[in-house]
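Got your viewer open? Let's take a short walk through this one, one selection at a time.

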Amino acid sequence: MSGALLVAGTSSDAGKSVVVAGLCRLLARKGIRVAPFKAQNMSNNSVVTVEGGEIGRAQALQARAAGLAPSVRFNPILLKPGSDRTSQLVIRGQVAGSVSAASYVQHRDGLLNIVIEELSCLRDEFDAVICEGAGSPAEINLRATDLANMGLARAANLPVILVGDIDRGGLLAHLFGTVAVLEPDDQALIAGFVVNKFRGDPALLEPGLRQLLELTGRPTYGVVPYADELWLDAEDSLSVVAHSVVGTPAPPRGDEWLRVAAVRLPRISNSTDVEALACEPGVLARWVSDPADLADADLIVLPGSKATVADLSWLRERGLAAAIAEHAGAGRPVLGICGGMQMLCRRITDTVESRAGDVAGLGLLDADIAFGEVKTLRTWQTPLAGYEIHHGRLTRSGEASWFDADGEPQGISRGAVFGTHWHGLLDNDGFRRSWLTRVAAAAGRAGFVVADDTDVAGRRDAQLDRIADLLGAHLDTDAVLGLLEGPPPRRPHVASELRSG
């Protein structure tokens, strides 16, 4: 059986996904057969795999880093939050019902068996498996049902690296405290630390890291600097903040910018669809949540949603629905993707997700949607690449076809209002350029020039290479990869040391 290690974090969005992707790319460069693994993910950003299942988007990116196609094996358990209390449960890529935090404990043993079985198979097939934790292992209120952090580490005897985001402040306390609250057998598997997103002179941090070593008996394997360019394929909606700019906008090729307002829905899903637009020079994409934010927008994007009817109601309550209708009525462009497209239609019949029955949509597209019990999971490769993940189906349309794939209409449009169930559609460079030219004309931005050399897939691979380069330069990779041979000698128990001191 091959080696494996677990990358955990002091919090969500600490950099676990990035470190796992970087390690996968580093190992793949060395000719080592490596696979990513996240036992349980909670995210509404997902992709369709080679088996026709569904996994978290971060695991698909990590698979790309390893030179692999996305597979349900890399993320056997996926939770997709539909409300504050319930999540859709996806097992090995397929929907297996809904669970609440209280009811999840009833599934724990069966899910743990699935997780361990998948990890064991990967370890038999690959030279190395780099596992990613979820949230933080310090969430001791959830320890009894934990499958992704110390529950996995204990079950599979995995060494654990703890990553923390120093850009948030208070990191040394976070690293120490995370170890301190764990029970002794969990603490024993924490091998050391990685500081992520550091700005400034590392010499200023060194005294703190030295004291952290003295307090915990655990080394810091590296201090990884902050890098602005690492923004594609965000793990979850935590990084999607209203009023924030998407990515790092490049200057326009012409003499005008194209301004994109992407609505930050409460139950947003596959927010990464907007990132392809943000890769374009001269496109300024922002996440918005108020009607005033739409006033100067050239293009409004309604992204996917895990709760279409509830988020549609939110649009109306916030006054956004009226502002979107006014924007479209002036002939300016609107794009709806998946749940966003469903909201643009005349009627939604939902007896599955919200169970609200018939609901009036925004009516900007003459089409109707009906939700089905069976989720559509489908990938497309030619002539355009994309994928579908949705319960809602287009049952009637009086609109023109926006584009065809395999001779079948896959999008609808009315004037400058566009809708599709496809995710990843805008990653197709030629299609995106042609459509943006049409959008700029409708928005009256004659001075906006679409770049002819933007390569979204290339940007994604360049980002993975950049992550690997950063880890190679700033991480003690020999020590980290040495952990693949098994946990280090048992470290001191932090809490007991403090009590005895």
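**Start at a strand pair**

Pick Val260 and then Leu299 in strand 16: the two are bridge partners. Keep in mind as you click around that this is a predicted model.

Now widen the selection to strand 13 (residues 258–263) and strand 16 (residues 299–302). These two run parallel, and 3 bridges join them.

**Out to the whole sheet**

Next, bring in the neighbours. You're looking at an open sheet of 7 strands with mixed pairing, and the order across it is 15-13-16-18-27-26-23. Which strands sit at the edges? Select 283–288 for strand 15 and 400–401 for strand 23: each of these pairs on one side only.

Keep the sheet on screen and add residues 320–329, which make up helix 10. Helix 10 lies across strand 13, strand 16, strand 18 (334–337) and strand 27 (417–420). Against strand 16, helix 10 runs at about 135 degrees.

**Over to a helix pair**

Hide the sheet and select residues 171–180 (helix 5) together with residues 202–216 (helix 7). Their axes come within 11 Å and cross at roughly 15 degrees. That angle is under 35 degrees, so helix 5 and helix 7 count as roughly parallel to each other. The crossing of helix 5 past helix 7 is right-handed.

Last stop: show side chains where the two helices meet. From helix 5, turn on Leu172, Leu175 and Phe176; from helix 7, turn on their contacts Gly208, Leu209, Leu212, Leu215 and Thr216. What kinds of residues make this contact of helix 5 with helix 7? The split is 6 nonpolar, 2 polar and no charged.

Note on methods:
Residues numbered from 1 in each chain as written. Predicted model: local features only at pLDDT ≥ 70, side-chain atom pairs only at ≥ 80, totals over all residues. Heavy atoms only, no water. Axes fitted to C-alpha atoms, helices over the stretch in contact; angles between N-to-C directions. Helix = DSSP H or I, 4+ residues; strand = E, 2+ residues; numbered from the N terminus. Parallel < 35°, antiparallel > 145°, perpendicular 65-115°, else oblique. Left-handed = near helix turned anticlockwise from the far one by under 90°. Contact = heavy atoms within 4.5 Å. Nonpolar A, V, L, I, M, F, W, Y, C, P; charged D, E, K, R; others polar. Pairing = 2+ DSSP bridges.
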